[in-house]
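Please read the following report alongside the sequence and the coordinates. It deals with a contact between two chains and with the nonpolar core they share in part.

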Amino acid sequence: MREALDHWIFVIAAYAIGIGGTLAMVAWSWLQMRKAEKRREEVRKK
Amino acid sequence: MHGFANPTRFLRLARWLTPLLLVSGLLLSGAVLAYGLTAAPAERLQGDSVRILFLHVPTAWLGMGGWTAIAIASLVELVWRHPLASLAARAAAVPGAVFTAICLISGSLWGRPAWGAWWRWDGRLTSMLVLLFLYFAYLALAGAVQRDGGSSRIPAIFGLVGAVNIPIIHYSVLWWNSLHQPPSISAGNSAMAPEFLIPLLIGTVGFSLIFGGVVLARMRALLADIQTEARLRRKAEAA
């Protein structure tokens, strides 16, 4: 007889990876954008 | 369309649209995921694992939508030489790859309790994995072209050719025997109960807004890099 799995472990793992991945992507994109635009302004002022 | 080809006009629009899309997308998808975790009912056959639906399905759609956007932008680049088209294609590859990866991981985590297997080499799963590799290859190719000064037409052609995989993913569950269920939602028709369908559609809107916000942020970063390089080159030539 197969032991029933606790579905919540899989649900929590999926949500953690999904939310973590999405937030990391948003933060990385935003920081890269700010960094690139800051560098452009610095070069423009020189 | 060429009205938006002007980078200054694009930046004027993108400056306020980027945070608006990101914040509204995060709020909307966050609310749906909170519903999925706390308020959505367990399903009769799949139990609590059905809650992964609210994450898995929007990311699957946007993984495919991302490459469709790359293909459209590539076509615009090749036919009309729109100056922002190659930037839009490159920008769409990042969220497309991330959402495809989340779709594959969440699908695997759903498959274990639902099918008793983490992975099966069937049509849907394999074609989705191929899509992830296509994203990696596209990002590497576009990065190499920018770094080494090649033609932007090369990644554009790759973007168009890679679009062949999108109908294969879509029809894979109909063409081949698959553990993956056939589409529950088609145009104007759904086999899904409203307590799942409505939050799923709202969540898809939320994730789409995040996708749009990330595309705009990436486009702004790529455009700023190009403008910085051009100014530095002009200064070096003048010196």
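The paragraphs below treat chain A, its packing against chain B, and the core.

This is a predicted model, in which local features need pLDDT of at least 70 and side-chain atom pairs count only at pLDDT 80 or more, while totals for chains, interfaces and linings use all residues. Residues are numbered from 1 along each chain as its sequence is written, and chains are lettered from A and ligands numbered from 1 in the order in which they are written.

Chain A has one helix and zero strands, where helices (H or I, at least four residues) and strands (E, at least two) are DSSP runs numbered from the N terminus. Its C-alpha atoms fill a box of roughly 75 × 10 × 5 Å along the principal axes. Of the 46 residues in chain A, 28% are buried, a residue being buried if 20 or more other C-beta atoms, placed from the backbone, lie within 10 Å of its own, exposed if 12 or fewer, and partly exposed in between. Leu31(A) belongs to helix H1 of chain A and counts as exposed because it has 12 C-beta neighbours inside 10 Å. The C-alpha atoms of Leu31(A) and Ala14(A), which are 17 residues apart along the chain, are separated by 26 Å.

The contact between the chains takes 25 residues from chain A and 34 residues from chain B, two residues being in contact if their C-beta atoms, placed from the backbone, lie within 7 Å. The table gives the make-up of two sets of residues, with Ala, Val, Leu, Ile, Met, Phe, Trp, Tyr, Cys and Pro counted as nonpolar, Asp, Glu, Lys and Arg as charged, and the others, Gly among them, as polar.

| Set of residues | Nonpolar | Polar | Charged |
|---|---|---|---|
| Side of chain A that touches chain B | 15 residues | six residues | four residues |
| Contact of H1(A) with H7(B) | 12 residues | five residues | eight residues |

Helix H1 (residues 7–45) of chain A packs against helix H7 (residues 194–238) of chain B at an angle of about 25°, with their axes 8 Å apart. H1(A) and H7(B) are therefore roughly parallel to each other, a term for angles under 35 degrees.

In the largest nonpolar core, which has 70 residues, Ile70(B), Ala88(B), Ala92(B) and Met219(B) touch the most other members. Among the elements that give two or more residues to this core are H1 of chain A and H7 of chain B, while the largest share, 18 residues, comes from H3(B). Not counting residues up to four places away in sequence, Ala92(B) touches Gly66(B), Ala69(B), Ile70(B), Ala73(B) and Val215(B). Such a core is a set of buried Ala, Val, Leu, Ile, Met, Phe, Trp, Tyr and Cys residues joined through C-beta atoms within 7 Å.

Conventions. Axes fitted to C-alpha atoms, helices over the stretch in contact; angles between N-to-C directions. Parallel < 35°, antiparallel > 145°, perpendicular 65-115°, else oblique.
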